[in-house]
Amino acid sequence: MKRTLVVTVLIIICYVLQCTLFQSLALASISPNLLIVVTSSFGFMRGKKEGLIIGFFCGFLIDIFYGDILGFYALMYMLIGYGNGFFHKIFFDEDVKLPMILITLSEIIFSFVIYFFLFLLRNRLEFPYYLVHVIIPEVVYTVVVTVILYRIILWINRKLEAAEKRSANKFV
Amino acid sequence: MRKRKKFSIPSKYLLLFLTLLCIGLMLLTFTTDMATGPLRTVSNYVFVPIQKGINQIGWWISDKKENLADLKEVRAKNQELQQQVDELTAENTILQQDKFELERLRELVKLDSEYSDYQKVGARIIGKDPGNWFDKFLIDKGTNDGLAVDMNVIAGGGLVGIITEVGPDYATVRSIIDDTTNVSAMIETTSDRCIVQGNLQLMNDGIIQFSELSDKENKVNVGDKVVTSIISSKYLPRILIGYVKEINPDANNLTKSGTITPVVDFEHLEEVLVITDLK
């Protein structure tokens, strides 16, 4: 219950920041993707199921306000959350390399899928341009933000897990 | 131990279920005219206030910052402006006379459809598309202020975009520089029609492209005004879009294409006007 509440608030904050603050902080009109950081970190920290549910809601938010086709972003974020869940088994708390690699990979895959479905299929063929001017800057910016945001998410998750352990012990 | 074991669905099935749900929703949006009314209303009351709040803080800070910087400048400028006021007052009286003459002439030719006649509502931008691929933004007015889908949005005398979605207190605007936008336009001087398209590649340079301009007599020049056409089904006629920046004949030798410099500064938009008249 507590976890649901905290995660919901986290998603709302990230979404709102991404739409307002980070759009104004955009470097060369490119802004980072906070929601993908949230989705994929919960994916590998908590497993497939939580990753997929959180991904679904993150994507759905974008769909409601900005999507042309309802469900497109929801599906994409959901699959990314689910995919990250496969790495739950080899994830351990102190490791920073794996999260960074996974988040970067998620972001790259996300950008490629968007390019493929929303641009390439509309006959926008200049892939090198989009790669250099949109995809790479977005990935770099997101990774920079991840360095900070991931720590916050990790900290929140630790606190939540500690609280859950305590309340589970009470019933023994 | 917990009192009862919670029933939980394996993630495989949950994935399958949600995937089907998403695909279902996509099909629904393709085939029907959206069934998301209640959803939008709920999210409206949750998110729009938060976004507005954050923006308010931002405006307040930038306001204070500007105040300090401006004070010195303002004092110097005040003197200069006072002088200008005198000059302009004189000029204004002359212009007033011209204006009356113009009005009389307009009435004479029954050409009273300028966009100063449209009903307009001012709105503030409260959010932007979270991705980097499209150029959409959220404004803080919605159906409660009489807005509806397909209303035209202008700012600084030029066309900004069109409302694509509307909720009780927000509306999503797709700008004309968005990669998916097409606007039926024409060259003001010759009334030759063309299609103005947004393009992500050109968006970063602040220009948009046009194509399919049939200009057989080579009358269109660089610097000509481009306005929305009279045959467009969604855009009101004769709203300024921008000026021709570059013009090249197409390979088929029948039509021309090129680029336009828009009059609106899309990078620094803060407030927009929504024309509440629908075509």
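Contact here means heavy atoms within 4.5 Å. Keep that cut-off in mind as you click through this predicted model.

**Stop one: the interface.** Colour the two chains separately and select whatever touches across the boundary. You should pick up 50 residues from chain A and 52 residues from chain B. Together, chain A and chain B bury about 4600 Å², with 67% of that area on carbon and sulfur atoms. Now show A:F65, A:Y66 and A:L70 as sticks: this trio supplies 17% of the area chain A buries against chain B, more than any other three residues.

**Stop two: a helix pair across the boundary.** Select residues 72-85 of chain A, which is helix α5, and residues 11-31 of chain B, which is helix α1; their axes come within 8 Å and cross at roughly 160°. Angles over 145 degrees count as roughly antiparallel, so that is how α5(A) and α1(B) run relative to each other. The crossing of α5(A) and α1(B) is left-handed. For the side chains that make the contact, try A:F72, A:L75, A:M78 and A:Y82, among others on α5(A), and on α1(B) residues including B:L15, B:L18, B:C22 and B:M26. Sorted by class, the contact of α5(A) with α1(B) has 11 nonpolar, 2 polar and 1 charged residues.

**Stop three: the annotated spans.** Stay on chain A, where an unreviewed UniProt entry puts "transmembrane region" at residues 52-80, 101-121 and 127-150. Select 101-121 of chain A: 90% helix, 0% strand, with end C-alpha atoms 29 Å apart. Then jump to 127-150 of chain A, which is 100% helix and 0% strand, its end C-alpha atoms 30 Å apart.

Methods:
Residues numbered from 1 in each chain as written. Chains lettered and ligands numbered in written order. Predicted model: local features only at pLDDT ≥ 70, side-chain atom pairs only at ≥ 80, totals over all residues. Heavy atoms only, no water. Axes fitted to C-alpha atoms, helices over the stretch in contact; angles between N-to-C directions. Helix = DSSP H or I, 4+ residues; strand = E, 2+ residues; numbered from the N terminus. Parallel < 35°, antiparallel > 145°, perpendicular 65-115°, else oblique. Left-handed = near helix turned anticlockwise from the far one by under 90°. Nonpolar A, V, L, I, M, F, W, Y, C, P; charged D, E, K, R; others polar. UniProt positions renumbered as here; feature names shortened; annotations may be inferred. Buried area = accessible area lost by both parts, 1.4 Å probe.
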